[in-house]
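The following paragraphs go through one protein model, beginning with a single side chain and moving outward to the sheets and loops.

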Amino acid sequence: MGMQTDVKQAHLNQSAFFVKSPVRVKAISFYKATGEAGGELVLFDTSTAPVTSGVTYARSTTTVTVTQNNHGLITGNVIGIHFSPTGGISATDGTYTITRVDANSFTLTDINSGTISGSPAAVYVVGRWLMTYECSGSDTFQNVPFVPGEGVRADVSVYGYLNNIAAAQIFYG
């Protein structure tokens with residue numbers, strides 16, 4: 001295969017859509033906001049912005065219980081979710097089919113096992129999780145992680161959730 005020449009770039013300084021069409025993310029770069037704690041950059045394949053406010057979770061073995069008042073989801077919905085770490089650990093980011101417990105909570109089965117208590121934050125969308133990058137509070141560099149192969153396919157569009165990230169770019173085709 002020859003070199004791809006139709007690669008484009010999109011840039012964000014806040015959480016928003018990078019692109020609203022099916023694409024393949026070929027590369028990514030980002031840097032942390034100066035003076036802020038650690039940063040998180042999460043890419044979702046979705047047509048809607050993620051739910052970010054008031055979402056918490058706990059994990060007991062492989063069962064993760066997510067709490068969000070009036071979430072509106074039903075059993076069988078597929079969500080992409082990012083779990084913020086607490087004490088250096090978190091549930092496993094990914095795409096999961098959920099089970100509705102009630103109007104304010106749902107569960108999913110993590111691919112890993114462990115116990116997480118308290119109420120760490122989470123961010124989710126009806127759609128798919130694509131990738132997560134985290135950096136420490138002391139990170140002062142432009143981060144350019146490797147995206148393998150032909151890139152990561154988004155079937156709908158690419159939404160970037162930026163938490164303490166000053167700027168992020170994707171290159172796509």
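In this predicted model, F18 is in contact with A10, H11, L12, L43, V158, G160, A168, Q169 and I170, leaving aside residues up to four places away in sequence. Three of these partners, L43, V158 and I170, are listed together with F18 and L41 as the residues with the most contacts inside the largest nonpolar core, which has 22 residues. Two or more residues of this core come from each of β1, β2, β3 (23-32), β4, β11, β13 and β14. A second core, separate from this one, has 16 residues, among them Y57, I81, F83 and F106.

The strands that supply the larger core can be followed through two sheets. One is an open sheet of four strands with antiparallel pairing, in the order β2-β13-β4-β11. Its edges are β2 (16-19) and β11 (128-135), each of which pairs on one side only. On average, neighbouring strands here are turned by 25° against each other, direction ignored. The range of β2 takes in F18, the residue from which this account set out. β2 runs antiparallel to β13 (residues 158-163), and three bridges join the two strands. Within this pair, A16 is opposite G160 of β13; G160 is also one of the residues that F18 touches.

The other sheet is likewise open, antiparallel and made of four strands, ordered β1-β14-β3-β12. Here β1 and β12 (152-154) each have a single partner strand, so one side of each has no neighbour in the sheet. The twist from one strand to the next averages 35°. Five bridges connect β1 with β14, again in the antiparallel sense. A10 stands opposite I170 in β14, and both A10 and I170 are contacts of F18. In this way F18, which falls within the range of β2 in the first sheet, touches a residue pair that belongs to the second.

What holds for the polar residue D45, in strand β4 (residues 39-45): is it buried or exposed? D45 counts as buried because its relative accessibility is 3%, and the cut-off for that class is under 20%. A polar atom of the D45 side chain lies 2.6 Å from the backbone nitrogen of D155. Beyond four places in sequence, D45 touches G127, R128, L130, R153, A154, D155, V156 and S157. R128 and L130 fall within the range of the edge strand β11, while R153 and A154 fall within that of β12.

The loops give three further residues to look at. Q14 is in the loop between β1 (8-12) and β2, and is exposed, with a relative accessible area of 56%. The C-alpha atoms of Q14 and A168 are 8.5 Å apart in space, although the two residues are separated by 154 residues in sequence. A168 is also among the contacts of F18.

N70 and N164 both have positive phi without being glycine: the angle is about 50° for N70 and near 60° for N164. N70 belongs to the loop between β5 (56-67) and β6 (78-83), whereas N164 is placed in the loop between β13 and β14 (165-172). With a relative accessible area of 64%, N70 is exposed; N164, at 23%, counts as partly exposed.

Conventions: Residues numbered from 1 in each chain as written. Predicted model: local features only at pLDDT ≥ 70, side-chain atom pairs only at ≥ 80, totals over all residues. Heavy atoms only, no water. Pairing = 2+ DSSP bridges. Axes fitted to C-alpha atoms, helices over the stretch in contact; angles between N-to-C directions. Buried < 20%, exposed > 50% of the residue type's maximum accessible area, 1.4 Å probe, protein only. Polar contact = N/O pair within 3.5 Å; in protein donor to acceptor, adjacent residues only side chain to side chain. Contact = heavy atoms within 4.5 Å. Core = buried A, V, L, I, M, F, W, Y, C linked by side-chain atoms within 4.5 Å.
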